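Reader: Here is a structure that I would like to go through with you, taking one topic at a time. Could you begin with how the chain is divided?

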Amino acid sequence: MDKRKIVKIIQLVKNDVRRFKNPIVTQIGELTKDPFAVLISCLLSLRTKDETTAVASKKLFALATTPRQMLGLSIPQIEKAIYPVGFYHTKARRIKEICKVLLEKYKGKVPETIEELVQLKGVGRKTAGIVMCYGHNKGVSIPTDSHVHQISNRLGWVQTKTPEKTEEALMKLIPKPYWRDLNNIFVTFGQHVCVPVSPFCSQCVISKYCPKVGVVRSR
Ligand code: SF4
């Protein structure tokens, strides 16, 4: 795969998605410049729609914006603030557990390596990557969710079965300066254009470069 062509496609998509709002977690990162806010909102966003995450994050951050303040809240208080995000019981407990570790082990700061972040209970590689890219502003990985995974496969850049394998393959294909923004660009693109079911190929700015691998129905 020609890297110059990949970069050109990324730039075309980047320009196109400017007409849409960014995904909520990156919006929170841009607004707060706070890795803790990115970490917590990313946890809330798992298996949850962006609109629900936005309201839940706002309500929770109105009560607490630091690990110490968060630990001062009871689990029912956190649950009430974040309801109805998916798995809100579990997420409320996880938030408390994570805040305890941040205080005890990291002086209340959010660690700055993927390896340390994934040690936190409930934090997987994708969440760790999001915190690195949009919390610490360090593009050290390509956080790969279902959108990044599906779009990369449709484009024929990778032939992979899981987001983990996709990330590994993408890190070999894509020049490092583009790692940080790729999640934001492709998630936005996947929410509005290259949607999971029946993508809008007829209106897509990269249609002529895309082999549409696995697309059975499009608009
Ligand atoms: S042409 Fe269709 S499948 Fe390919 S990136 Fe665009 S919307 Fe997605």
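Author: The domain assignment, which is automatic or taken from a database, gives domain 1 as 3-21 + 141-209 and domain 2 as 24-135. The model is a predicted one, in which local features need pLDDT of at least 70 and side-chain atom pairs count only at pLDDT 80 or more, while totals for chains, interfaces and linings use all residues. Residues are numbered from 1 along each chain as its sequence is written. As for the distance between the domains, their C-alpha centres lie apart by 25 Å.

Reader: Which element gives the largest share of the side of domain 1 that touches domain 2?

Author: Taking two residues to be in contact if their C-beta atoms, placed from the backbone, lie within 7 Å, 10 residues of domain 1 are in contact with 8 residues of domain 2. On the domain 1 side, two or more residues each come from α11 (163-173) and α12 (179-192), where helices are DSSP runs of H or I with at least four residues, strands are runs of E with at least two, and both are numbered from the N terminus. The largest share, 3 residues, belongs to α12.

Reader: Which helix gives the most to the largest nonpolar core?

Author: A nonpolar core is a set of buried Ala, Val, Leu, Ile, Met, Phe, Trp, Tyr and Cys residues joined through C-beta atoms within 7 Å, and a residue is buried if 20 or more other C-beta atoms, placed from the backbone, lie within 10 Å of its own. The largest such core has 34 residues, and those touching the most other members are Val38, Leu39, Ile40, Ile82, Ile95 and Val131. At least two residues of this core are supplied by each of several helices, including α2 (24-32), α4 (50-63) and α7 (88-106). The helix that gives the most, with 8 residues, is α3.

Reader: How many residues are in the other core, which lies apart from this one?

Author: That separate core includes Val13, Val158, Leu170 and Leu182 among its members. Its size comes to 17 residues.

Reader: What radius of gyration does the protein have, and why does it agree with a compact globule?

Author: The C-alpha trace spans about 55 × 30 × 30 Å along its principal axes. The radius of gyration is taken over C-alpha atoms, and the globule rule is 2.2 Å times the number of residues to the power 0.38. Because a compact globule with 219 residues would have a value near 17 Å, there is agreement with the protein's radius of gyration, 18 Å.

Notes
Buried ≥ 20, exposed ≤ 12 C-beta atoms within 10 Å, placed from the backbone.
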